[in-house]
Structure formats: C-alpha cells, structure tokens
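I opened the notebook to record what I looked up, starting with confidence and then going on to a sheet and the domains.

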Amino acid sequence: MKVDRRSFLSFVIGGAAGTALSPLPWKLMDDSSIWSQMWPWTPVPPDGEVVYEDSTCTLCPGGCGISVRKVDNRAVKIEGKQGHPINDGGICILGLSGLQMLYGPTRVKSPMKRIGERGDGQWQKISWDEAIAILTEKLIDIRDKGEAHTVAAIAGSDSGTVPALIQRFMTAYGSPNFMRTPSGRDADELAVNTLFGNQGRTGFDVENADYILSFGSGIVDGWGSPVRMFRASSLWKDKKTTVVQVEPRLSNSAAKATRWVPVNPGTEADLALGIAAVMVSRNMIDTGAVSGLSSWKSDLLANYATEKVSQTTGVAAEVIAELAKGFAGANRPLALCGRGKAQTAGSLRDIAAVYALNALAGNINQEGGMWPIPEADYIQWRDVATDNLASAGLSQPRIDGAGAGKYAQTRYLASRLADAVNGNGPYPLQVLLVASANPCHDLPDTQRVKEAFARIPFIVSFSSFHDETAAMADLLMPDHVYLERYEDVPVDAGLTQQMIGLSRPVVSPQFNTRHLGETLISAAKAMGEPMADAFPWDDYETCLEETLAEKWDTLMEDGVWVQADIDPVGDRLQLAGMDADAVQAEGDVNSFPLLLLPYDTIRLTSGYIGEAPFMIKTVADTVIKGNDGFVEVNPQTARAAGLGQGDMATLTTPRGEAQVRVHLFEGIQPGVLAMARGLGHTAYDAFLAGKGVNINTLIGPVEDPSSGHDAAWGIRATLSKA
Amino acid sequence: MKNEHNDNPPVMKFGMAIDLDKCTGCGACMVACMSENNIPFKEDESDKLVSITWMRIFKLSNGKSFPDTDICYLPRPCQHCEGHGGHSPCVSVCPATATDYSRETGIVSQIVTRCFGCRYCMGACPYHARYFNWWDPVWPDGMEKYLSPNVSPRMRGVVEKCSFCFHRYQLAKNKAYLDGERRVPEEAYQTACTQACPAGAIVFGDLNNPEHQVHQIVKPDPKHGGRSQNPRAFRLLERLGTNTKVYYLSSREWVRRSGDNYLEHEKTGQASQPHH
C-alpha cells in the first residue's frame with residue numbers, strides 16, 4: 001500500500017483522536033501514578049496480632065505508667081496507661097517518643113573498646129566476657145595498689161535497685177565516690193534535713209491546694225512528675241484555683257497561671273521572705289508548725305520590709321501585700337520552688353524561704369500542703385563486709401568534697417567534679433564509671449567538664465546511646481533500654497505517697513546489650529572475694545524479686561505499688577537557713593550588662609536522654625532554625641544592640657561565647673536573655689547533633705555557700721551583632 | 001422496609017473541643033499523632049512549610065509589651081470542614097476524588113493512593129492543614145520497625161492530612177459490630193491526640209450525639225451552621241462559612257479574637273451565616 005501525505009495525516013490524526021477518546025490516556029495516567037507510588041523502598045509495615053503490654057517509663061523521674069502497643073513482636077506505639085495513679089492515660093512528648101530511642105540509630109549495639117584517639121569515635125566490638133575482663137582487671141589492679149578511692153561513679157539517680165547496686169559495688173570495692181547528677185532533689189533533701197532535722201524529701205499535695213504560689217517552678221514545663229503536674233494544672237482550671245507564677249520570663253507555666261508576677265532574676269527568695277514578713281507583721285501566720293519564730297522574726301522584719309523587697313525584686317509594694325493576703329487568706333495555700341524543671345540544685349536560701357512560707361501558712365502535713373516524708377527504704381540488703389583495702393579507700397575524703405567539713409550535710413556535689421579532677425581535688429581519679437548520666441553535656445561549664453574527662457585515664461560508659469560522655473569513654477558496656485528490661489522505679493518527684501513502678505521488658509533486647517544490674521553482679525563475681533560475697537544473687541532478676549519481696553506480686557499484677565499513709569519525718573519547721581546572702585550571677589556588671597537565663601521546656605529533654613527526632617520536629621523555628629539556636633531578647637534590648645528578629649549575634653559570657661540568632665519576645669524583661677536548655681548536642685545522630693547551643697557551655701557552677709551545691713540561676717552576658 | 005430504614009445508624013458528626021485555657025503547648029498531641037500515623041521526619045525540620053505535622057501547635061500572642069504580654073497555644077488538626085452541605089474547601093477542588101466528605105461520620109477523608117499531587121486542596125485549605133510529600137519518607141535503619149500497619153506510609157508526590165484517626169473508627173466500628181452494638185461507644189473511638197493530651201484539653205466525640213461530652217461542651221446550633229452556643233467557644237475563620245468541626249474554648253477575649261480577622265469595631269461571637 002502506498003502511503004501518501006493524505007493517508008499518513010489521516011492515520012496520525014485519526015489515531016490521536018481515537019486514542020484521546022478511548023480510556024487509554026486516563027488509564028495510563030492512573031497506572032503511572034499508581035506505579036510511581038509503589039516504590040519498593042516505601043515500607044509496608046507487616047500486619048499481625050495486636051497486644052498491649054504495660055510497663056513504667058523511666059525516661060524522666062516522673063514514673064508514668066505506659067501501655068505499649070505491639071504488632072507481633074514489634075512495638076509500634078507507646079500510650080499512657082489508663083487508670084495509673086500518676087498519669088491515668090496521659091503521656092508526655094518524651095514518653096511518646098520512646099520507640100525512636102529503642103529502634104534508633106544511636107544505640108550502642110554491643111560492648112566496645114576504644115581503638116582510636118579519645119573522641120574520634122573509633123570502636124572495636126568485643127564480647128561481654130572480654131569487656132568484663134577489661135573492667136575487672138583494671139579495677140583489681142587499682143584496688144591491689146590500695147587506691148580504690150580513685151575510682152568514681154556518677155549516676156542519674158541513687159534510688160532503686162540498680163543505683164543501689166552501683167553504690168554497693170563502690171562500697172565493697174572501697175570507694176567513697178558515688179555521685180548523683182545534680183538536680184533540685186539535692187537542695188530538697190538538704191532543706192528537709194536542715195529544717196525538719198531528719199533525712200527525707202518533700203511531697204506536695206498539689207491536687208488539693210486552693211492557692212498556688214510558684215517561685216519559678218515550671219509547673220507545665222516539666223517540674224516534678226510532669227504528667228501529674230499537667231493534670232493538676234487542668235484540675236486547677238476546673239476548680240478555679242488561683243495560681244500565681246513568680247518568674248522573670250513569661251514561661252508556659254506563667255502563661256497558664258491566673259497571674260504572672262515578673263520578678264528580677266535571682267530574687268525569688270527575697271520576694272518569698274518579703275511575703276513572709278508581711279504575713280508575720282500582720283499576724284497572718286500559723287505558729288503551730290514553726291519553731292524559732294521569735295528570734296527569726298526581728299531579723300525578717302528588719303531585712304525584708306516591703307519597700308526594700310519591692311526594690312530588690314522589682315515587684316510593686318502593693319503586689320507584695322496582695323500576694324501575702326491571698327496566700328495567707330487561702331484555705332489551703334501551697335508554695336512551690338525549684339526553677340523550671342529544677343535541674344540544678346539551687347541554694348538553700350531559695351528553698352528554705354519557700355518552705356518557711358508553707359510552714360507559716362500552716363500547711364505542713366495538711367491536705368493540700370507540703371509533706372516532709374521519708375525516702376523509700378524497701379531495699380534492705382545485708383551490710384557489705386568490707387576488707388582492709390575497702391575500709392582504707394572508704395576512709396578517704398570524697399573527691400567532690402561532699403559530706404565533710406562545711407558541706408557535711410551535703411550528699412553529692414557532682415558539679416564540683418570537673419574542678420576536682422582539673423587539679424583542685426584531694427587526689428587524681430583513675431577510673432570513672434558513668435551510668436544513666438551524660439555529664440559531658442549536662443554539667444555546667446561543659447568545656448571544663450570535657451577537660452576533666454580528658455584527664456581521667458579510664459572511663460566506662462554504661463549508656464545505651466552514643467551520647468557525649470560515651471564519646472569520651474574507653475569502654476562501652478551498653479545497658480538495655482527501659483523497654484527491654486526489668487527495673488524497679490521508685491517515684492519521688494514531689495509525690496505525697498511512696499510509689500514504686502515496675503519497668504518490664506516489652507520487647508526482647510534488640511542488640512547485644514546487657515542489663516546494668518547484671519553487668520555489676522557479674523563484674524563483682526569475676527573480681528572474687530570479698531566483692532563476690534557482696535553480690536550473692538545469681539542474676540539481677542533474682543535480686544529484684546528478693547528485694548521487692550511481698551511487693552513483687554502486686555508489681556507484677558498492677559505495675560505499680562502505692563503506700564498512701566506515710567508518717568512524715570517532721571511537723572515543725574525550724575526557721576533557719578535563710579540568713580545567707582543571695583547567690584549572685586557570675587560576671588562583672590560593667591563588662592557584661594545583660595543577664596542570660598536558661599529556660600526549660602517540656603519539648604526538650606533534660607538529663608541524659610537526648611531528644612528523639614519527633615521531639616525536635618515539634619520545636620519552633622524561633623528556637624532552632626537549621627542548626628542555629630536562638631536567644632530570646634526583649635525588643636527594646638535588641639533595638640539598643642541594633643538587632644532584629646532572626647539576626648545572627650554573638651553571645652558572650654564569662655565562661656564562653658556562641659553564635660546565636662535573635663528571637664524578639666515581649667515576654668521577657670528588658671536586659672534579660674533566655675535560652676532553652678537541652679540543645680547543642682555534639683553526639684547522637686544527624687537528627688540531633690549540631691542543633692542549637694548547649695547553654696552549659698556558657699554557664700558555670702556558682703557554689704551555694706551553705707551547701708556547696710550549684711546555685712547558678714543565670715550568668716551575666718553581652719549580645720552584639722555578629 | 002420502613003423499620004429497616006429506621007434501623008440505619010444515625011448520622012454522626014465527629015468533632016473536637018479544644019480547651020485553650022488548659023492547653024499547655026507541650027506538644028504531646030503532635031507526637032502522639034506522628035507516632036500513630038507513621039509520619040516521617042527529616043534531618044532538618046525547621047522549615048515549617050515543608051515539615052509534615054498533621055497536628056501543629058501555633059503560639060499566639062496578645063502583642064502587648066512586657067509585662068502585659070500574654071501567650072496562648074493553639075493546636076490545629078484538620079478542621080474537617082462541612083461547609084454548606086459537605087462542601088468543604090478542599091473536597092470541592094480535588095480533581096481525583098482523593099479527598100471526600102463523609103456524610104456518615106463528618107470526616108474529611110484523604111485517600112493518598114488516589115492523590116496525584118496537584119495540591120489544589122492545599123491552596124484551597126484556609127487552615128494550612130494539608131501537607132505535601134516533597135520527598136520519599138526515609139526511616140533510619142531499624143526504625144521502620146515501629147511503623148504501624150494501620151496507616152500506610154505515604155510516598156513522594158501525595159498530599160496528606162489529619163484523618164481524625166479514621167483507622168481507629170474502623171477498628172471501633174468492627175468491634176461494636178462484633179459486640180452486637182449499633183453505635184460506636186464514645187470511649188471506643190478517640191483520636192491519638194485526645195488520648196495522649198496530659199492536660200485533658202481535647203475532647204472528641206460525636207457532635208450530633210447529646211450524650212457525648214463534646215456535644216455538651218459545644219452545644220452546636222444547627223440553625224446557624226453549627227455555631228457553638230457556648231460563649232467561650234469559637235472556630236477558626238468561622239465567618240468564611242467553612243463550618244468546621246474543631247471548636248476552641250477560651251475565657252480570654254484576645255484569644256477568641258485571634259480566631260478570625262476582625263475589624264476594630266467588630267465583636268467576636270457574631271455572624272456565622274453560611275454563604276449561599
């Protein structure tokens with residue numbers, strides 16, 4: 001057939017028209033969109049049997065019950081446990097992100113020893129037997145030389161069986177140097193001891209109080225047991241409870257309060273004492289729960305007259321009078337303290353002033369009041385039989401200076417560790433064991449801490465994650481994460497009851513990790529007598545079950561054990577401890593005219609757990625943008641420095657310097673800067689590392705003269721155009 | 001036949017009441033949603049225009065200077081607009097019928113496998129509640145283990161948004177059917193964000209059912225386009241006539257005012273006539 005021009009065109013046009021009229025183009029478009037959405041790399045989560053398994057979250061001290069949804073053997077979602085006494089179904093952002101930690105790429109997947117330079121991240125996988133051998137040989141060697149005291153341990157907690165095993169290990173070994181990472185608990189324990197004369201902690205009956213006076217406590221920013229406090233905050237809204245937040249910055253807690261009282265940074269205790277003075281002078285106090293009032297009274301009235309306090313704190317005289325009237329006139333008033341999440345200890349003066357207010361309001365051991373109660377004492381192991389080497393080591397002073405001399409009442413001073421190791425301690429450290437703590441990120445003055453760590457010849461990290469401290473270690477002996485292990489979780493965090501939660505394995509261990517309790521028991525056994533004798537248990541689970549005794553069955557069944565009626569450790573507060581001078585921010589006012597304050601937010605973690613990708617995703621672009629961190633500045637202060645929203649600036653303090661972006665915020669006092677705590681990680685993965693600035697690189701510890709605790713609440717600073 | 005007709009389940013209208021006086025801006029709803037719905041994440045999520053968050057918390061400010069400043073957080077899921085007779089802004093522009101208004105539940109659906117990524121719906125949505133997948137989702141090695149089989153991970157080139165955890169409704173409906181119940185009980189179907197909220201700020205349920213808490217709080221007025229009869233309640237851009245099913249509660253006038261664009265002389269709580 002001859003193809004001429006006419007038939008060719010007819011064929012092409014006819015074909016095109018025919019095709020267009022047929023379903024073919026539409027079908028092809030549809031197919032191509034389906035095909036292009038069926039890439040093999042888009043995961044298809046396998047289906048399976050759905051079960052829920054209950055456990056207790058240990059990511060913060062809050063002690064919430066969790067229900068983990070599993071599909072076959074995969075944990076797919078963490079939810080709050082319905083009916084749990086703390087959180088009743090509610091859960092926080094960190095608890096929800098737990099699976100990203102369990103399955104995340106930052107897990108330490110096997111025991112490892114360092115092969116490159118420190119901090120290079122070059123590791124060699126080793127077996128658990130080899131890891132135990134390396135550790136025990138080192139420890140035996142040091143102990144045999146009579147230098148057991150040069151081994152120290154730092155942990156995130158000192159309650160519960162695992163921290164108790166670490167402490168026991170140290171005692172049997174012969175070192176006095178067990179340290180707990182600093183937190184508001186330090187000051188609280190000291191205050192109970194000083195003011196009530198007994199060892200204990202406080203519980204706050206927040207649910208039943210009808211007037212809350214919070215001196216900077218981040219009620220909805222992660223203070224205490226966070227989900228409990230969120231629930232209390234909503235309960236207060238329903239009951240129309242008055243909540244007054246005293247704070248220099250409009251935090252979320254201040255925004256949620258009935259009234260925000262801006263106060264000059266660091267003068268919260270002055271305001272508390274000023275309120276106390278008004279209450280005393282107008283006879284609005286209950287004298288039943290205080291002792292030493294007559295001698296204290298004259299000092300108080302002389303030093304904290306309303307006009308003077310108004311000047312110090314920047315709070316108007318009539319506001320002070322109103323607060324005193326409101327607080328003293330309420331049926332069940334309650335004052336709270338500990339700035340933000342109470343992540344630093346704070347000074348004894350700060351805490352004693354607020355506890356005194358509670359006592360003067362007559363709320364000690366009352367409904368809606370403050371309860372000084374004993375610490376949990378369910379761990380009743382027989383005493384460790386120490387040999388001569390151990391006794392010699394234990395008789396040495398602690399490296400951090402706690403428990404002796406002027407700090408006799410203080411238990412731990414981990415914030416002084418860096419200074420002690422950097423040459424101001426009584427002896428050099430040879431070994432440091434680190435468990436559920438990340439001092440190379442969380443302790444103030446990070447550079448000095450890292451310097452100190454570089455000086456310690458041998459560091460062992462038990463962390464489940466490649467955090468900043470693990471990066472400085474020589475030996476990694478990774479613990480299971482909480483979803484893979486059994487553990488008792490005693491909850492204190494401001495609760496008025498004694499409560500123990502049980503963490504139990506929801507999934508089998510994902511990697512070649514080992515329970516820290518197990519590691520300690522096997523290390524002690526490998527070290528022979530007398531260490532082995534102090535650890536008679538076959539394994540950690542036996543130890544746990546024996547320790548919990550009659551509570552074990554309840555815990556296995558309900559996941560939580562609660563004792564509601566507790567005898568308080570005291571009912572009269574000795575008015576003392578408030579005569580010290582206020583702790584000032586470090587730095588010279590003339591060279592550093594501004595003040596930098598750290599602030600806490602529930603969307604960022606505190607303590608040793610790094611933020612999961614989900615959490616970072618919720619962080620506003622006025623806190624992190626790209627890798628840049630922001631500093632909050634009052635527009636007036638920013639204008640004076642020629643800075644606008646988003647501008648790059650240099651933030652300088654006596655301890656360090658950082659490049660930051662400016663975020664204009666009207667809710668902060670002119671002259672004051674604020675920066676979020678918990679950022680600026682150098683370890684972990686690309687989802688976290690390098691984002692923002694670690695405020696601990698800009699702030700150093702300031703010692704409280706009465707306790708030695710770190711009482712820094714901020715530092716002087718300058719901000720200039722970069 | 002008549003009886004059979006009467007046995008049909010009643011028409012439901014699932015909706016939310018979010019108490020902004022209680023909301024603390026903690027972000028638990030955002031992460032509960034991400035975890036429930038297999039929402040991916042990237043190394044940098046600080047460009048919020050391309051950061052997928054079905055539930056997003058906005059921070060509002062009264063704009064006053066120190067110390068009269070006040071802030072408030074506002075969680076924003078998809079508002080599940082009913083418009084006038086199911087005429088939601090997004091549904092009416094979707095050429096692929098990938099998004100639809102359910103007259104059974106009042107939920108605006110999103111069928112990602114039908115979506116071909118034209119993004120008309122994103123342009124139409126007044127609430128920025130819709131998100132486009134500019135990239136294929138990538139989970140770090142091992143993390144895909146936590147993905148839930150109830151919600152398909154999406155791929156590059158499609159739009160996604162909050163579904164009021166529709167898969168939870170399906171599960172609850174199946175269960176109700178097996179239990180011989182005609183209606184899904186209130187507590188059997190709750191969204192992930194409602195369940196997680198530690199402040200109890202979110203209440204979810206059937207706005208048509210007088211026994212449901214959300215109905216009792218909102219007291220919707222069917223004669224006025226579902227407007228709430230609770231003086232504390234407002235909806236976002238209510239005067240557009242989108243007839244949304246997410247109600248916000250606040251005792252603060254400036255917060256209620258932030259919900260729409262008011263002229264100086266205009267008062268809140270007025271005029272929500274559906275446009276014809």
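Before reading any score, I note that pLDDT is the predictor's confidence in each residue, on a scale from 0 to 100. The model is a predicted one, and I therefore began with chain B, whose pLDDT averages 92, with 94% of the residues scoring at least 70. I then looked up residues 1–5 of chain B, where the pLDDT is below 50 and where the model has zero contacts beyond near neighbours in sequence. Residues 272–276 of chain B also have a pLDDT below 50, but for this stretch I found eleven contacts beyond near neighbours in sequence. For the model I noted an ipTM of 0.94 and a pTM of 0.94.

Next I turned to a sheet in chain A, which is open, has seven strands with mixed pairing, and follows the order β5-β4-β17-β16-β15-β6-β7. Its edge strands are β5 (123–125) and β7 (178–180) of chain A, each of which pairs on one side only. Looking at how β7(A) is held, I found that it runs parallel to β6 (residues 151–155) of chain A, with three bridges joining the two, and that A:I154 has A:M179 in β7(A) as its bridge partner. Helix α6 (residues 161–173) of chain A packs on the sheet and touches β6, β7 and β15 (431–435) of chain A, while its direction makes about 170° with that of β6(A).

Last, I looked up the domain assignment of chain A, which lists, among others, domain 1 (5–35), domain 3 (112–164 + 380–487 + 505–563) and domain 4 (201–373). Taken over C-alpha atoms, the centres of domain 1 and domain 4 of chain A are separated by 79 Å.

Key
Residues numbered from 1 in each chain as written. Chains lettered and ligands numbered in written order. Predicted model: local features only at pLDDT ≥ 70, side-chain atom pairs only at ≥ 80, totals over all residues. Contact = placed C-beta atoms within 7 Å. Pairing = 2+ DSSP bridges. Helix = DSSP H or I, 4+ residues; strand = E, 2+ residues; numbered from the N terminus. Axes fitted to C-alpha atoms, helices over the stretch in contact; angles between N-to-C directions. Domains from an automatic or database assignment.
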